[in-house]
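Open the structure in your viewer and keep the selection tool at hand. This tour goes stop by stop.

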Amino acid sequence: MQREVSSYLDEVKSHLHLDPRTSRRVINELYSHFEEKVSDLAQQGLPEPEAAQTALRSFGEARSIARLLDEAHSGGSWTEALIGCQPHLIVAALFATHVWRHPLLLGTAFAAIAVIALLGWRSGGASWMYSWIGYAVLPLLVLSYLSMDPLARTISFLVSGHGAPAPFWHIGLLAALYAFTLWLFTSTAVTVARRDWILLSLMLLPLPVMGLWIITVTQSAGVFVDALRSLEARFSRWDGAMGYFFAVLGVTTALFVRVRQRALKVGAVIAVGIVGTAIAARSLWGDLGFLPLLAMCFCLLLFLTVPLFLRTMLRHDDRSEEPLPS
Amino acid sequence: MADTPRGYDSDLLRGNTDSLLLFLINERGQTYGYRLIKEIEERSQGYFRFKEGTVYPALRKLENDGLVQGEWKKLPNGQERRYYTITDHGRELLQKKLDMWQSFASAMALVMKPTES
């Protein structure tokens with residue numbers, strides 16, 4: 001096949017945001033189209049390079065064909081939309097019913113989420129699974145954050161000589177936890193971004209609010225249940241706001257899975273990620289003032305678009321990843 | 001989907017692409033993208049010209065809607081080609097669209113017939 005056709009198909013592929021198997025099959029179908037078309041034109045007397053050029057011209061611009069193919073493949077069913085929004089609704093329910101304060105129930109809910117995320121991952125990447133993955137890695141991130149105290153004490157001891165360092169085995173265990181969390185989070189993020197950066201943004205959507213909430217709770221009360229009880233009144237108010245926020249994330253995810261238009265998907269994730277998180281932050285911290293709020297919105301925008309930069313960096317590798325049929 | 005200013009509104013063709021594809025798939029029993037494109041061009045004597053790449057997303061949408069069924073088949077040269085077959089649901093919809101089109105065309109012809117006064 002002519003080099004022009006191969007590079008055209010490479011370009012189509014680079015603009016597709018499908019799982020690798022579907023992407024490969026789509027390209028195979030287009031490849032077989034070009035093969036037949038070029039052969040037909042050659043039989044009509046056109047030299048092969050000219051036949052390839054004619055075939056490309058009549059096929060359409062690579063980027064717009066890729067967009068149409070993306071749209072045609074990406075609209076999930078209502079069932080998929082319903083499954084996709086479940087982890088958000090589970091977390092919304094944990095807050096709304098205040099059940100998150102019961103370690104056993106909380107642990108069971110997140111274990112179930114992790115198992116379903118793993119099953120989704122192994123089944124080949126349905127669009128509903130990305131919201132589940134976000135929550136599946138969350139317990140490790142939270143655990144890493146909550147277990148920083150011994151590390152901070154040890155660093156403080158090494159720097160200033162005050163206090164007592166944590167035992168060596170304790171530090172070793174923490175290092176293993178951080179390394180594993182970092183590896184799991186990074187490798188998952190890279191794999192998801194390779195498919196589509198907006199899926200990674202969708203996956204990361206709950207993290208800023210969860211982070212703000214955990215920091216607020218631990219700063220206010222520490223992590224002990226007795227101390228948490230002392231903040232009952234404030235928690236009741238926060239729980240309501242958190243419940244609403246995660247319910248909105250659920251609706252956004254269902255919309256994301258269901259709609260075909262990419263612009264709508266990107267708009268929904270970015271808008272809800274920024275506005276929703278800012279509203280949730282206001283209910284946790286009170287009135288922030290205009291400039292801090294603006295700074296927070298900017299940071300959130302950056303956070304939700306980092307996957308786009310990651311995808312751009314990975315694009316070069318993707319082009320050499322899978323050769324076209326020969 | 002239409003690419004050419006050949007004296008018809010491209011929206012008219014875009015709105016009827018599904019019917020054209022369903023009709024040809026139904027008639028052929030089993031066929032594939034390139035053959036459909038070629039056949040539409042031949043049967044319309046070059047009147048309907050597509051950006052050929054847009055046929056594949058249209059076929060995928062028909063498949064997602066359960067109107068056609070796609071199946072990969074290996075060719076003698078080792079390549080794969082996707083063949084499409086109409087489903088019962090697709091056949092029902094095609095019949096409805098054909099009836100609607102015939103009624104519409106008849107009504108248009110009746111209205112646009114010059115009066116005999």
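Start with helix H8 of chain A, residues 148-160. Its 13 residues reach 18 Å from first C-alpha to last. That is close to the 18 Å expected at 1.5 Å a residue. Keep in mind that this is a predicted model. Now step just past the end of H8(A) and select A:Gly161. Its phi is positive, about 80°.

**Helix H9 of chain A**

Select residues 168-195 of chain A, which form helix H9. How far apart are its end C-alpha atoms? They are 41 Å apart. At 1.5 Å a residue, its 28 residues should span 40 Å, so the two values agree. Next, pick out A:Val192, A:Ala193 and A:Arg195 within H9(A). These three residues are buried.

**Where H9 meets H10**

Add helix H10 of chain A, residues 197-204, to the selection. Two packed helices are described by the angle between their axes and the distance between the axes. Here the angle is about 135° and the axes are 5 Å apart. H9(A) and H10(A) are therefore oblique to each other.

Show the side chains at this contact. From H9(A), select A:Ala189, A:Val192, A:Ala193 and A:Arg195. From H10(A), select A:Trp197, A:Leu199, A:Leu200 and A:Met203. Colour them by class. The contact of H9(A) with H10(A) has 7 nonpolar residues, no polar ones and 1 charged.

**Two nonpolar cores**

Stay on A:Met203. Which residues does A:Met203 touch, leaving out those up to four places away in sequence? They are A:Tyr130, A:Ser131, A:Ile133, A:Gly134 and A:Val192. In soluble globular proteins, nonpolar side chains tend to be buried together. The largest nonpolar core in this model has 44 residues. Within that core, A:Leu202 and A:Met203 have the most contacts. Apart from it lies another core, of 43 residues. Select some of its members, among them A:Leu30, A:Leu56, B:Leu21 and B:Leu94.

**The contact between the chains**

Now show both chains together. Chain A gives 19 residues to the contact, and chain B gives 15 residues. On the side of chain A that touches chain B, three elements give two or more residues each: helix H2 (20-43), helix H3 (48-59) and helix H4 (62-74). Which of the elements gives the largest share? H2(A) does, with 8 residues. By class, this side of chain A has 7 nonpolar, 7 polar and 5 charged residues.

Cross over to B:Pro57. You will find it in helix H3 of chain B, residues 55-64. Is B:Pro57 buried or exposed? It counts as buried, because it has 20 C-beta neighbours inside 10 Å and 20 or more are needed. Leaving aside neighbours within four places in sequence, B:Pro57 is in contact with A:Leu68, A:Leu69, A:Glu71 and A:Ala72. Then draw a distance from B:Pro57 to B:Asn77, 20 residues apart along the chain. Their C-alpha atoms are separated by 25 Å.

**Two loop residues**

Select A:His98 next. It sits in the loop between helix H5 (78-96) and helix H6 (103-122) of chain A. Its phi is near 60°, a positive value in a residue other than glycine. A:His98 counts as partly exposed, because it has 14 C-beta neighbours inside 10 Å.

Move to B:Gln45. This residue lies in the loop between helix H2 (33-43) and H3 of chain B. Phi of B:Gln45 is near 50°, again positive in a residue other than glycine. B:Gln45 is exposed, because only 7 other C-beta atoms lie within 10 Å and 12 or fewer count as exposed.

**Zoom out**

Select chain A as a whole. It has 15 helices and 0 strands. Its C-alpha atoms fill a box of roughly 85 × 40 × 40 Å along the principal axes. Of its 326 residues, 31% count as buried. Take the contacts in chain A with a separation of 6 or more: residues 24 or more positions apart account for 69% of them.

Finish with chain B. How many helices and strands does chain B have? There are 4 helices and 3 strands. From the N terminus, the order is α-β-α-α-β-β-α. Buried residues make up 30% of its 117 residues. Among contacts in chain B between residues at least 6 apart in sequence, 49% join residues at least 24 apart.

Definitions and conventions: Residues numbered from 1 in each chain as written. Chains lettered and ligands numbered in written order. Predicted model: local features only at pLDDT ≥ 70, side-chain atom pairs only at ≥ 80, totals over all residues. Contact = placed C-beta atoms within 7 Å. Nonpolar A, V, L, I, M, F, W, Y, C, P; charged D, E, K, R; others polar. Core = buried A, V, L, I, M, F, W, Y, C linked by C-beta atoms within 7 Å. Expected span 1.5 Å × (residues − 1). Axes fitted to C-alpha atoms, helices over the stretch in contact; angles between N-to-C directions. Parallel < 35°, antiparallel > 145°, perpendicular 65-115°, else oblique.
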